[in-house]
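Student: I have a new model open and would like to test the labels people attach to it. Could we go through them together?

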Amino acid sequence: MVSGSFTAENISTIPPARLWKASIRDGHNVIPRAMPELIASCEILEGDGGAGSIRQLTFTEAFKDFSYVKDRVDVIDDEKHVFKYTIVEGGLIGLKRLKSYSFEIHVEPTSDGGSLSKMTVEYESFNDSLLSDEEIEKIKGGIIGMVKSLEGYLQENPETYA
């Protein structure tokens with residue numbers, strides 16, 4: 001087993017408070033609407049959405065790698081816009097590629113009124129090798145693709161979380 005991490009950033013025209021509310025606080029409602037071709041549902045299985053809650057994201061048949069991912073909310077700070085969650089089932093764990101992995105997301109304001117999302121992923125592999133560059137880019141692409149879809153949804157629906 002070996003531990004690794006990587007980071008990614010995304011700049012958005014959406015203000016931090018609006019992006020935070022749509023993607024983090026109400027993501028279980030917004031994500032399936034923003035990405036209906038890939039996301040069948042997003043549910044809070046236990047808790048109220050705060051720290052300790054268990055959530056499940058279920059993918060449509062269009063998503064070929066795995067059918068769902070279940071996570072536990074570790075930290076959710078509405079004031080600092082910090083969100084950390086750990087995958088507890090499904091995803092790359094279900095593929096037996098990773099023993100564990102977690103995401104930490106910070107959403108910060110930019111000088112033009114938009115936001116900068118910074119993501120850090122920490123993981124432990126089952127074997128003695130780190131994720132390949134290709135695997136890392138695929139994970140980054142998935143997360144950034146989700147943020148871009150949410151951004152597009154919010155641009156198309158300017159009254160949502162305004």
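**From labels to values**

Tutor: Happy to, and let us start with one residue: leaving out residues up to four places away in sequence, Y101 touches V69, T86, I87, G90, G91, L92, I93, E122 and Y123. Keep in mind that this is a predicted model.

Student: What makes these residues contacts of Y101?

Tutor: Contact means heavy atoms within 4.5 Å, and V69 and Y123 are among the residues that Y101 touches.

Student: Which residues have the most contacts inside the largest nonpolar core?

Tutor: Those are L57, F83, Y101 and F103, in a core of 41 residues. Helix α4 contributes the most to this core, with seven residues. As background, nonpolar side chains in soluble globular proteins tend to be buried together.

Student: How do you know that the span of α4 agrees with its number of residues?

Tutor: The expected span is 1.5 Å times one less than the number of residues. For the 24 residues of α4 that should give 34 Å, and the end C-alpha atoms are 34 Å apart, so the two agree.

Student: Which residues of α4 are buried?

Tutor: The buried ones are I136, I139, K140, I143, M146, V147, L150, E151, G152, Y153 and L154. Charged residues appear there too, with K140 and E151 on that list.

Student: Which helix gives the most to the lining of the largest pocket?

Tutor: That is α4 (residues 133–156), which supplies 13 residues. The pocket holds about 1,000 Å³ of space. It is lined by 50 residues, and Y85, F103, G142, I143 and M146 are the closest to its centre.

Student: What is the make-up of that lining by class?

Tutor: There are 30 nonpolar, eleven polar and nine charged residues. G142, one of the residues closest to the centre, counts as polar under the scheme used here.

Student: Why is α1 called largely enclosed by the rest of the structure?

Tutor: Seven of the ten residues of α1 (residues 16–25) are buried, so the helix earns that description. The buried residues are P16, R18, L19, W20, A22, S23 and I24.

Student: Why does V30 count as buried?

Tutor: Buried means under 20% relative accessible area, and V30 has 0%, so it counts as buried. V30 sits in helix α2 (residues 27–34). Apart from neighbours within four places in sequence, V30 is in contact with A22, L150, Y153 and Y161.

Student: What covers the buried residues of α2?

Tutor: The cover includes α1, β2, β3 (54–59) and α4. The residues being covered are G27, V30, I31, P32 and A34.

Student: Is T160 buried or exposed?

Tutor: T160 has 14% relative accessibility, so it counts as buried. T160 lies in the segment after α4. Beyond its neighbours within four places in sequence, T160 is in contact with R18, Y153 and L154.

Student: What makes the phi of H81 worth a remark?

Tutor: Most residues other than glycine have a negative phi. H81 is not a glycine, yet has a positive phi of about 55°. H81 lies in the loop between β4 (68–77) and β5 (82–90), and at 14% relative accessibility H81 counts as buried.

Student: Why is L45 called partly exposed?

Tutor: Partly exposed runs between the 20% and 50% cut-offs. L45 has a relative accessible area of 39%, so that is the label it gets. L45 lies in strand β2 (residues 39–46) and, leaving aside neighbours within four places in sequence, is in contact with I54, R55, Q56 and K70.

Student: What is the label for R72?

Tutor: At 31% relative accessibility, R72 counts as partly exposed. R72 lies in strand β4, and its C-alpha atom is 6.6 Å from that of V88, which is 16 residues away in sequence.

Student: Where is F126 found?

Tutor: F126 is in the loop between β7 (115–125) and α4. With a relative accessible area of 44%, F126 is partly exposed. The C-alpha atoms of F126 and M1 are separated by 5.1 Å, although the two residues are 125 apart along the chain. M1 is also among the contacts of F126, together with K96, R97, L98 and K99.

Methods:
Residues numbered from 1 in each chain as written. Predicted model: local features only at pLDDT ≥ 70, side-chain atom pairs only at ≥ 80, totals over all residues. Heavy atoms only, no water. 1 Å grid on protein atoms, 1.4 Å probe; cavity = no way out; pocket = protein on both sides within 12 Å on 5 of 7 lines; lining within 4 Å. Points joined across faces, edges and corners; volume = space filled by probe spheres on them. Helix = DSSP H or I, 4+ residues; strand = E, 2+ residues; numbered from the N terminus. Core = buried A, V, L, I, M, F, W, Y, C linked by side-chain atoms within 4.5 Å. Buried < 20%, exposed > 50% of the residue type's maximum accessible area, 1.4 Å probe, protein only.
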